[in-house]
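Please walk through this structure with me, moving from individual charged pairs to the packing of helices and then to two loop positions. The explanation below is meant to be read with the model open beside it.

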Amino acid sequence: MPNSALLGHSVTGIKPQILQKVCGKTTFSAYYWDGTGPLVMCCHGFPDTVNTWHRLVPALVASGYRVLVSVMPGYESSSVATSDHYFVSQLVEHLVGWIDHLDEEAAHLIGHDWGAVTAWLAVASHPHRFFSMTSIAIPPPKRLFGAVVRHPGQLLRSWYIGLFQLPWLPEQVLGLGNGAFIRWLWRRWSPGWEPPEALLQPVVETLAERPVRQATLAYYRCLTRLLHPQHRKSRQALTLPCQVPSLVITGARDGCMDTRLFEPTLWQRDFMAGVELYRLMGAGHFCHLEKPDLVNAKILKFLEMHPKGAKRL
């Protein structure tokens, strides 16, 4: 399993349960804190690990929520699969599988970066399985193309997606120089913020394994396979109105996803249960780590507005 010391010791006096879900030849891991309230699922992005939630989890646990932080598929050697198993629709089934694994009907869903990409499709394709959805740093994909046309500078910010389509080279770049490229991405995406080494080093260690690097890059390579049936399945689901209450958080200084893309993608008629945009001034792509007190307070207030599913006794 990835180095999760920061997350594992985040809740004073309470160690998480380590859960495992076996699917054929792959085994997936998650960290779970019990409680009396509804289940909250947290999903990390790239290049990142479960430690990204070490500031949010204590706030959720203190408020009585049950919390599950899943290791995204491919981010541990036991869950590495072939390169065609990382379409977003397949990542969604992974998340829903955790809800089934806990014998729950539904959960609140919080995602950052790729975790948020997955969250958008999850609530579109399985709205009955989620009480609410919080997306950090990713706008609704449904109208993203039109927003990029209005703000074409996003194409320059997304240059790395093109790099990741190349064979062999991206695997080498991610593995060189004690994570030099990874560290550079974090600082570029959150300008003016110095990420602590306790966050960065586990990311570097996770991506030091070549099979894991290949799996994380497969996310991006599957993203561009537009004719694949799994890709068509995702596009079809995203055409539907969102039926789940949604909170969208963006950092005004995000160097990865231009914050100006959010308003053009948030059409009220696309959100049957409502949507709220929360912009953090002076924060970037990792805004939940840069300004954790503000983000935690906003998320807790949002969850309180949509209470569901007290734990069955």
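E194 is exposed in this predicted model, its relative accessible area being 51%, and because the cut-off for exposed is over 50%, E194 falls into that class with a relative accessible area of 51%. Its side chain meets that of R187 in a salt bridge, with an N to O distance of 2.6 Å. The partner, R187, is partly exposed, and its relative accessible area is 32%.

A second salt bridge joins E263 and R279, whose closest N and O atoms lie 2.8 Å apart. This pair links distant parts of the chain, since E263 belongs to helix 13 while R279 sits in strand 8 (residues 275-280), and 16 residues separate them. Partly exposed is the class of E263, at a relative accessible area of 42%, and R279, with 27% relative accessibility, also counts as partly exposed. Elsewhere, salt bridges that share partners bring K142, R143 and D270 together in one network.

How many salt bridges does a search of the whole structure find? The count is 12, and among them is the one in which the side chains of D258 and R157 meet, with 3.9 Å from N to O. Here too distant parts of the chain are linked: D258 lies in the loop between strand 7 (246-251) and helix 13 (262-265), whereas R157 is in helix 6 (residues 154-157), and the two are 101 residues apart. The value of 3.9 Å for D258 and R157 still satisfies the criterion for a salt bridge, because that criterion asks for a side-chain nitrogen within 4 Å of a carboxyl oxygen. As for their surroundings, D258 is buried, with a relative accessible area of only 3%, while R157, at 28% relative accessibility, counts as partly exposed.

The residue R187 leads back to helix 9 and to its packing. The axes of helix 9 (residues 180-189) and helix 10 (residues 197-206) come within 10 Å of one another, and they cross at roughly 135 degrees. That angle makes helix 9 oblique to helix 10, because roughly antiparallel would require an angle over 145 degrees and roughly perpendicular one from 65 to 115. The crossing in which helix 9 passes helix 10 is right-handed.

Which residues of the two helices meet? From helix 9 come I182, R183, W186 and R187, and from helix 10 come E197, L199, L200, Q201, V203 and V204. Divided by class, the residues of this contact are six nonpolar, one polar and three charged. An α-helix has 3.6 residues a turn, so residues three or four places apart point the same way. Within helix 9, the buried residues are F181, I182, R183, L185, W186 and W189, and the partners against which the buried residues pack are helix 7 (159-163), helix 8 (169-175), helix 10 and helix 14 (287-290).

A further pair of helices can be set beside this one. The axes of helix 4 (residues 114-125) and helix 12 (residues 229-238) come within 9 Å and cross at roughly 70 degrees, which means that helix 4 is roughly perpendicular to helix 12. Helix 4 passes helix 12 in a left-handed crossing. On the side of helix 4 the contact is made by W120, L121, A124 and S125, and on the side of helix 12 by S234, A237 and L238. This contact of helix 4 with helix 12 has five nonpolar and two polar residues, with no charged residues.

Two loop positions complete the tour. T49 has its place in the loop between strand 3 (39-43) and helix 2 (56-62), and T49 is buried there, with a relative accessible area of 3%. Apart from neighbours within four places in sequence, T49 is in contact with H44, P202, V203 and T206; of these, V203 also takes part in the contact of helix 10 with helix 9.

A81 is found in the loop between strand 4 (66-70) and helix 3 (88-101). Is A81 buried or partly exposed? With a relative accessible area of 28%, A81 is partly exposed. Leaving aside neighbours within four places in sequence, A81 is in contact with T26 and Y86. In addition, A81 and K25 are 56 residues apart in sequence, yet their C-alpha atoms are 8.5 Å apart in space.

Notes:
Residues numbered from 1 in each chain as written. Predicted model: local features only at pLDDT ≥ 70, side-chain atom pairs only at ≥ 80, totals over all residues. Heavy atoms only, no water. Axes fitted to C-alpha atoms, helices over the stretch in contact; angles between N-to-C directions. Helix = DSSP H or I, 4+ residues; strand = E, 2+ residues; numbered from the N terminus. Parallel < 35°, antiparallel > 145°, perpendicular 65-115°, else oblique. Left-handed = near helix turned anticlockwise from the far one by under 90°. Contact = heavy atoms within 4.5 Å. Nonpolar A, V, L, I, M, F, W, Y, C, P; charged D, E, K, R; others polar. Buried < 20%, exposed > 50% of the residue type's maximum accessible area, 1.4 Å probe, protein only.
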